[in-house]
Number of protein chains: 2
Amino acid sequence: MILSERDAEHVAETMRALASPGRLRILARLDESPCSVGQLESDLGIAQATVSNHLRILRHLDLVVGERGGRTVTYRISDGHVSELLRQAVHHVGHVEPQAPAV
Amino acid sequence: MILSERDAEHVAETMRALASPGRLRILARLDESPCSVGQLESDLGIAQATVSNHLRILRHLDLVVGERGGRTVTYRISDGHVSELLRQAVHHVGHVEPQAPAV
DNA sequence: TTGCAATATTGAAATGTTTTGATAAGTTTT
DNA sequence: AAAACTTATCAAAACATTTCAATATTGCAA
């Protein structure tokens with residue numbers, strides 16, 4: 001597979017979204033179940049503005065989608081493909097306690 | 001999947017290696033076939049120091065391995081798992097001309 | 001050992017990212 | 001319409017990355 005400079009930049013842009021601990025944690029949390037910005041804030045202990053900025057980046061790359069319902073906005077992973085990529089990224093590093101540890 | 005701050009940092013570190021156009025192009029080139037630093041320099045049109053620095057980062061994350069033979073060092077992708085990850089990253093972005101276009 | 005070739009490291013400028021307080025904007029309730 | 005709540009945007013400080021010229025190191029050859 002040959003990768004032009006232009007294509008490489010495109011791929012790198014998406015990979016950059018996975019290159020931040022905060023965003024990875026947001027994606028992992030959303031992969032469990034969709035939730036609001038406030039929920040992410042309290043679940044992950046990240047400041048609201050930070051969560052919102054991360055979500056903007058993820059949104060622009062179509063990694064998550066948000067839907068407003070009343071005052072809150074519920075975010076979710078945009079499709080199974082993203083879950084796959086996340087799962088493989090985590091799995092690649094390994095030693096990350098994939099499931100429950102053996103009793 | 002719950003991701004601790006510590007684990008997330010670990011995964012992000014590896015993803016950061018894929019978040020650079022230069023490194024992606026190096027990985028894609030090496031995925032075709034192993035080659036020397038100089039070969040990468042001329043194939044990709046990236047300065048020697050830059051290639052070498054990228055390789056150091058990839059090496060430290062065990063994404064590539066280099067073996068010295070005489071004056072040159074031949075680098076290659078460390079294992080199939082890395083190829084997988086690369087392939088999926090590129091594929092995720094799509095529209096990147098996965099194979100030969102239909103005649 | 002002198003010289004030449006290939007790779008690694010260093011240092012520094014340019015650029016990009018992350019984080020959060022402050023504040024704006026959109027929604028519901030009263 | 002005002003107050004209360006939730007999310008988005010802005011601005012700026014702190015920090016990290018990228019790139020490459022210059023230089024050091026390593027290996028081979030003469």
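Biologist: What does the secondary structure of chain A come to, in helices and strands?
Modeller: Helices here are DSSP runs of H or I with at least four residues, strands are runs of E with at least two, and both are numbered from the N terminus. Counted that way, chain A comes to five helices and three strands.

Biologist: Before we go on, what kind of model is this?
Modeller: Residues are numbered from 1 along each chain as its sequence is written, while chains are lettered from A and ligands numbered from 1 in the order in which they are written. Local features need pLDDT of at least 70, side-chain atom pairs count only at pLDDT 80 or more, and totals for chains, interfaces and linings use all residues, this being a predicted model.

Biologist: In which order do the elements of chain A run?
Modeller: The C-alpha atoms of chain A fill a box of roughly 45 × 45 × 25 Å along the principal axes. From the N terminus on, the elements go α-α-β-α-α-β-β-α.

Biologist: Over how many bridges do β2(A) and β3(A) pair?
Modeller: Two strands count as paired if DSSP finds at least two bridges between them. β1 (residues 35-36) of chain A meets β3(A) in the antiparallel sense over two bridges, with A:Cys35 partnered by A:Tyr75. β2 (residues 64-69) of chain A is also antiparallel to β3(A), A:Val64 has A:Ile77 as its bridge partner, and the bridges number six.

Biologist: Which residue in the turn of that hairpin has a positive phi?
Modeller: β2(A) and β3(A) form the hairpin, with two residues between them. A phi of about 70 degrees belongs to A:Gly70.

Biologist: Over in chain B, which are the edge strands of the sheet?
Modeller: Chain B has an open sheet of three strands in the order β1-β3-β2, paired antiparallel. Each edge strand pairs on one side only, and these are β1 (35-36) and β2 (64-69) of chain B.

Biologist: And which residue stands opposite B:Cys35?
Modeller: β1(B) is joined antiparallel to β3 (residues 72-77) of chain B by two bridges. Across from B:Cys35, in β3(B), stands B:Tyr75.

Biologist: At what angle does α4(B) run to β2(B)?
Modeller: Axes are lines fitted to C-alpha atoms, for helices over the stretch in contact, and angles between N-to-C directions run from 0 to 180 degrees. α4(B) lies across β2 and β3 of chain B, and its angle to β2(B) is about 115 degrees.

Biologist: How are α2(A) and α4(A) set, parallel or perpendicular?
Modeller: Under 35 degrees counts as roughly parallel, over 145 as roughly antiparallel, 65 to 115 as roughly perpendicular and the rest as oblique. These two axes come within 10 Å and cross at roughly 80 degrees. So α2(A) and α4(A) are roughly perpendicular.

Biologist: Is the crossing of α5(A) and α5(B) left-handed or right-handed?
Modeller: The axes of α5 (residues 80-93) in chain A and α5 (residues 80-93) in chain B come within 11 Å and cross at roughly 155 degrees. That angle is why α5(A) is called roughly antiparallel to α5(B). A crossing is left-handed if the near helix is turned anticlockwise from the far one by less than a right angle, and right-handed if clockwise; this one is left-handed.

Biologist: How many charged residues does that α5 contact have?
Modeller: Contact means C-beta atoms, placed from the backbone, within 7 Å. His81, Leu85, Gln88 and His92 of chain A meet B:His81, B:Leu85, B:Gln88 and B:His92. Ala, Val, Leu, Ile, Met, Phe, Trp, Tyr, Cys and Pro are nonpolar, Asp, Glu, Lys and Arg charged, and the others, Gly among them, polar. The contact has two nonpolar and six polar residues, and its charged count is none.

Biologist: Which element gives the most to the side of chain A that touches chain B?
Modeller: The contact takes 29 residues from each of chain A and chain B. α1 (5-17), α2 (21-32) and α5 of chain A each give two or more residues to that side. With 10 residues, the one giving the most is α1(A).

Biologist: Now the DNA: which helix gives the most to the surface near strand D?
Modeller: A residue is near if its C-beta atom, placed from the backbone, lies within 6 Å. 25 residues surround DNA strand D, and the closest include A:Ser36 and B:Ser20. With six residues, the helix giving the most is α4(A).

Biologist: And near DNA strand C, which one?
Modeller: 25 residues surround strand C, with B:Thr72 among the closest. Its surface has eight nonpolar, 12 polar and five charged residues. Six residues come from the helix that gives the most, α4(B).

Notes: Contact = placed C-beta atoms within 7 Å.
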